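Colleague: I have a model open and would like a close look at one part of it. Please take the region around a helix pair and the loop that leads into it, then set that against the rest of the chain.

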Amino acid sequence: MKQTNFKKICVVGLGYIGLPTAAILASRKVKVAGVDINSHTVDTINAGKIHIVEPELDIIVRAVVQEGYLKASTQPETADAFIIAVPTPSKEDHQPDLSYVRAAAESIAPVLKPGDLVILESTSPVGTTDQMTAWLKIARPDLAFPTTHQENEIPDVNIAYCPERVLPGQVIRELVHNDRIIGGITTRCTERAQALYRVFVTGKLLSTNARTAEMVKLTENAFRDVNIAFANELSLICDQLSINVWELIKLANHHPRVNILQPGPGVGGHCIAVDPWFIVSRSPEQAKLIRTARQINDHKPEWVINKVNEAIDQCLASGQRAARQEVVVALLGLAFKPNIDDFRESPAAHIAKKLLATSEARFIVVEPFIDQLPADLAHAHLADLEPALAAADVIAVLVKHDCFKAMIKLLKHPARLVDAVGILEDAEHLQ
């Protein structure tokens, strides 16, 4: 790695992206001040521990805290560069909520000085970096900030947008090896931001402007969302036509130019389930396909819920149970994707909450990556896989955790199965 002129970097937001970024920077012998509004998060990190599950992260955090390169607090400190990695959720009407970005910008404003660099990493609607710059200008009228119309002027503070593009479970590796999009307000801002990412990134640093960089991140996730929506819509059609969608996709994918994704219970996570709406919010008349894809994927959990209720009704109609309160339903998985503990925007968690709120059946939840159920699922029973399968009248597979793939061998009686993730197809290959 090249030597850096960044002696100290402040990372605002110590969640799934901010903490790994802070830790990687600190591992390069750069002083890092981590900032989070949650005092428990701050105390946990300063004890050399982590509050999220991510392979290898705990080892790095423990080392850099012990060596004095990473220290967390609830308030920003003077630094040479600031990385903002705070949430950008959607409101109930799918409009972006930029309040966290604004709060982060206003929190660092008092400690900004000439020569500093501010980078926004949070996934954001097009124009957010410009808006953040405007908020900083209001807070610090004594400093000169960059504008796209003043390319040749040298501002006091450089500003850029550089989105993360990492996969949970592989964040440490991908932060280092993935290519990065570097979008400055001006060319000088881009170059300054590139210098920071060269501290730890071995992938390519691809230059553009801030607005294009914002749209790149949204486009990547909207592309994936549209493709998942195609698979999910196929699953609805195949169910109505009595066709095995998993077999259909497997056969269709033998075409040399066809690669259909696998359907599921919906789309979750902090990116794909949210980001396409940011495009729709800025271009509502033009983003018709992107909007439709979001609606298809948002509807899929309701379809799964209906399938579970149908299975409960069949259990009663067959005389297997006399009353709805006697039917035992096992829900397998709560995470938004396999083999992690992340429930953000999880369709599986949404399905579980809705079923528990609307059905009188008895529910068992199997989620191997947690020790206790979230508060809104507390009246369900958390169990291991084998006893849950043995007790269940209805089984709904909501997440394709690796440990669920051998489930067919554990079924002791003809329980009704709602397979939302194609676990049966994987189980057949294991036999």
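Modeller: What follows starts with the whole chain, goes to the helix pair and its loop, and then turns to other sites. Bear in mind that this is a predicted model.

Start with the overall frame. The protein chain has 14 helices and 13 strands. Its C-alpha atoms fill a box of roughly 75 × 50 × 40 Å along the principal axes. For 431 residues, a compact globule would have a radius of gyration near 22 Å, and the 24 Å of the protein chain agrees with that. Of the 431 residues, 52% count as buried. Take the contacts in the chain with a separation of 6 or more: residues 24 or more positions apart account for 70% of them.

Now the helix pair. Two packed helices are described by the angle between their axes and the distance between the axes. Here the pair is helix α11, residues 288–317, and helix α12, residues 347–358. They pack at an angle of about 45°, and their axes are 10 Å apart. An angle of 65 to 115 degrees would count as roughly perpendicular, and one under 35 as roughly parallel. The two helices are therefore oblique to each other. α11 passes α12 in a right-handed crossing.

Which residues make the contact between α11 and α12? From α11 come Pro-301, Glu-302, Val-304, Ile-305, Val-308 and Asn-309. From α12 come Pro-347, His-350, Ile-351, Lys-354 and Leu-355. By type, the residues of this contact divide into 7 nonpolar, 2 polar and 2 charged.

Next, the loop. It runs between β9, residues 328–332, and α12, and Asn-339 lies in it. Phi of Asn-339 is near 65°. That is a positive value in a residue other than glycine. Asn-339 has a relative accessible area of 32%, so it is partly exposed.

Glu-345 has its place in the loop between β9 and α12. Glu-345 is not a glycine, yet its phi is positive, at about 55°. Its relative accessibility is 48%. The cut-off for exposed is over 50%, so Glu-345 counts as partly exposed.

Asp-342 is also found in the loop between β9 and α12. Is Asp-342 buried or exposed? At 1% relative accessibility, Asp-342 counts as buried. Setting aside residues up to four places away in sequence, Asp-342 touches Tyr-16, Ala-335 and Phe-336. The partner Tyr-16 is 326 residues from Asp-342 in sequence. In space, the two are 9.5 Å apart, C-alpha to C-alpha.

Now a second helix pair, to set beside that one. The axes of helix α8, residues 210–240, and helix α10, residues 275–282, come within 8 Å. They cross at roughly 115°. α8 and α10 are therefore roughly perpendicular to each other. Their crossing is left-handed. On the α8 side, Met-215, Lys-217, Leu-218, Thr-219, Asn-221, Ala-222 and Asp-225 take part. They meet Asp-275, Pro-276, Phe-278 and Ile-279 in α10. The residues of this contact divide into 6 nonpolar, 2 polar and 3 charged.

A loop leads on from α9, residues 245–252, to α10, and Asn-259 lies in that loop. Asn-259 has a relative accessible area of 63%, so it is exposed. Asn-259 and Ile-423 are 164 residues apart in sequence. Their C-alpha atoms are 19 Å apart in space.

Two further sites complete the tour. Glu-174 lies in helix α6, residues 171–177. Its relative accessible area is 12%, and buried means under 20%, so Glu-174 is buried. Apart from residues up to four places away in sequence, Glu-174 touches Arg-165, Val-166 and Leu-167.

Ser-73 is found in strand β3, residues 70–73. With a relative accessible area of 17%, Ser-73 is buried. Not counting residues up to four places away in sequence, it touches Gly-34, Val-35, Asp-36 and Val-42. Ser-73 and Asn-232 are 159 residues apart in sequence and 44 Å apart in space, C-alpha to C-alpha.

Methods
Residues numbered from 1 in each chain as written. Predicted model: local features only at pLDDT ≥ 70, side-chain atom pairs only at ≥ 80, totals over all residues. Heavy atoms only, no water. Axes fitted to C-alpha atoms, helices over the stretch in contact; angles between N-to-C directions. Helix = DSSP H or I, 4+ residues; strand = E, 2+ residues; numbered from the N terminus. Parallel < 35°, antiparallel > 145°, perpendicular 65-115°, else oblique. Left-handed = near helix turned anticlockwise from the far one by under 90°. Contact = heavy atoms within 4.5 Å. Nonpolar A, V, L, I, M, F, W, Y, C, P; charged D, E, K, R; others polar. Rg over C-alpha atoms; globule rule 2.2 N^0.38 Å. Buried < 20%, exposed > 50% of the residue type's maximum accessible area, 1.4 Å probe, protein only.
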